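Q: Got a minute to go through this one with me? I'd like to pick at a few residues and see what they're doing.

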Amino acid sequence: MKNKKGFTLVELIVVITLIAIVAVIATPNVIKLVDNGRKEQILTDAKNFLSDVKYKSNLIKYEEYFPTEGRCKEICASNSLFGQDLDKDPDGNSYDKDFCCVNICVNAGISSYSVKLASKNEGNFAWGISSSTTEVSYVLEANLDKDAVVRFNID
């Protein structure tokens, strides 16, 4: 009888406890990695949209879209030829082209750019570029980083 092979109850409990501890420690880190990946995708979309606007600002055929000296202008994907390649956010929702805009101000011959970006969602939350968590707003190009990407409530 003493030659039976197998694990004792104590050994099984120790192994299960260790697995549970590792899972508790690892789960938040995995969630954070996934969330950071989503933020990176939105940042990439925002930077591509901004890059498209900046490139086309140098082309004569798009002059009417851009501001003159001492003025600011908002260019949105819904009413322009810019940002048309904005497709889906990381959750698979469509970007709301009315809220995907670049604000351009020209002072002393220098253009400054800021961007806002938001997605449509069937639920209560959507992704966006924002300086606050309650509404989508413009973020200066210099401040366009992961901290500007938020998941906001669209009640």
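Q: Where does Ile-21 sit?
A: This is a predicted model, and in it Ile-21 is part of helix α1.

Q: Is Ile-21 buried, partly exposed or exposed?
A: Partly exposed, because its relative accessibility is 45%.

Q: What does Ile-21 form on the surface, and with which residues?
A: A nonpolar patch, together with Val-10, Val-14, Leu-18 and Ile-25. The five have about 480 Å² of accessible area together.

Q: OK, the helix itself. How far apart are the end C-alpha atoms of α1?
A: They are 70 Å apart. Helix α1 covers residues 9-56, which is 48 residues, and at 1.5 Å a residue it should span 70 Å, so the two values agree.

Q: Where in α1 is the kink?
A: At Ala-26, shortly before the proline Pro-28. The kink is about 30°.

Q: Which residues of α1 are buried?
A: Among them are Lys-39, Ile-42, Leu-43, Phe-49, Leu-50 and Val-53. Some charged residues are on that list too, including Asp-45, Asp-52 and Lys-56.

Q: And what do the buried residues of α1 pack against?
A: Strands β1 (71-76), β2 (101-107), β3 (110-118), β4 (125-129) and β6 (149-153).

Q: Switching to salt bridges. How many does a search of the whole structure find?
A: Six. One of them pairs the side chains of Arg-38 and Asp-91, at 3.4 Å from N to O. That pair links distant parts of the chain, with Arg-38 in helix α1 and Asp-91 in the loop between β1 and β2, 53 residues apart.

Q: Any others worth a look?
A: Lys-146 and Glu-40 meet in a salt bridge at 3.8 Å, N to O. Lys-146 is in the loop between β5 and β6 while Glu-40 is in helix α1, so this pair ties together parts 106 residues apart in sequence. Lys-146 counts as partly exposed at 31% relative accessibility, and Glu-40 does at 37%.

Q: What about Lys-54, which side chain does it meet?
A: The side chain of Glu-141, in a salt bridge of 2.9 Å, N to O. Lys-54 is in helix α1 and Glu-141 in the loop between β5 and β6, 87 residues apart. Lys-54 is partly exposed with a relative accessible area of 29%, and Glu-141 is partly exposed at 32%.

Q: Which residues do salt bridges with shared partners join into one network?
A: Arg-38, Asp-91 and Arg-151.

Q: Over to the strands. Is Asn-103 buried or exposed?
A: Buried, because its relative accessibility is 19% and the cut-off for buried is under 20%. Asn-103 is in strand β2.

Q: What does Asn-103 touch?
A: Leaving out residues up to four places away in sequence, its contacts are Cys-72, Lys-73, Glu-74, Ser-112, Tyr-113, Ser-114 and Tyr-138.

Q: Last one: what's the phi of Ala-108?
A: Near 55°, a positive value in a residue other than glycine. Most residues other than glycine have a negative phi. Ala-108 is in the loop between β2 and β3, and it is exposed, with a relative accessible area of 71%.

Key
Residues are numbered from 1 along each chain as its sequence is written. This is a predicted model: local features need pLDDT of at least 70, side-chain atom pairs count only at pLDDT 80 or more; totals for chains, interfaces and linings use all residues. Side-chain values use heavy atoms; hydrogens and water are left out. Helices (H or I, at least four residues) and strands (E, at least two) are DSSP runs, numbered from the N terminus. The expected span of a helix is 1.5 Å times one less than its number of residues. The bend at a residue is the angle between axes fitted to the seven residues ending there and the seven starting there. Buried means under 20% relative accessible area, exposed over 50%, partly exposed in between (1.4 Å probe, protein chains only). Contact means heavy atoms within 4.5 Å. Patches are made of residues with over 30% relative accessible area and no salt bridge: like charges are joined within 9 Å, nonpolar side chains (Val, Leu, Ile, Met, Phe, Trp, Tyr) within 5 Å. Accessible areas come from the Shrake-Rupley method with a 1.4 Å probe; for residues, only the protein chains shown count as cover. A salt bridge is a side-chain nitrogen of Lys or Arg within 4 Å of a carboxyl oxygen of Asp or Glu.
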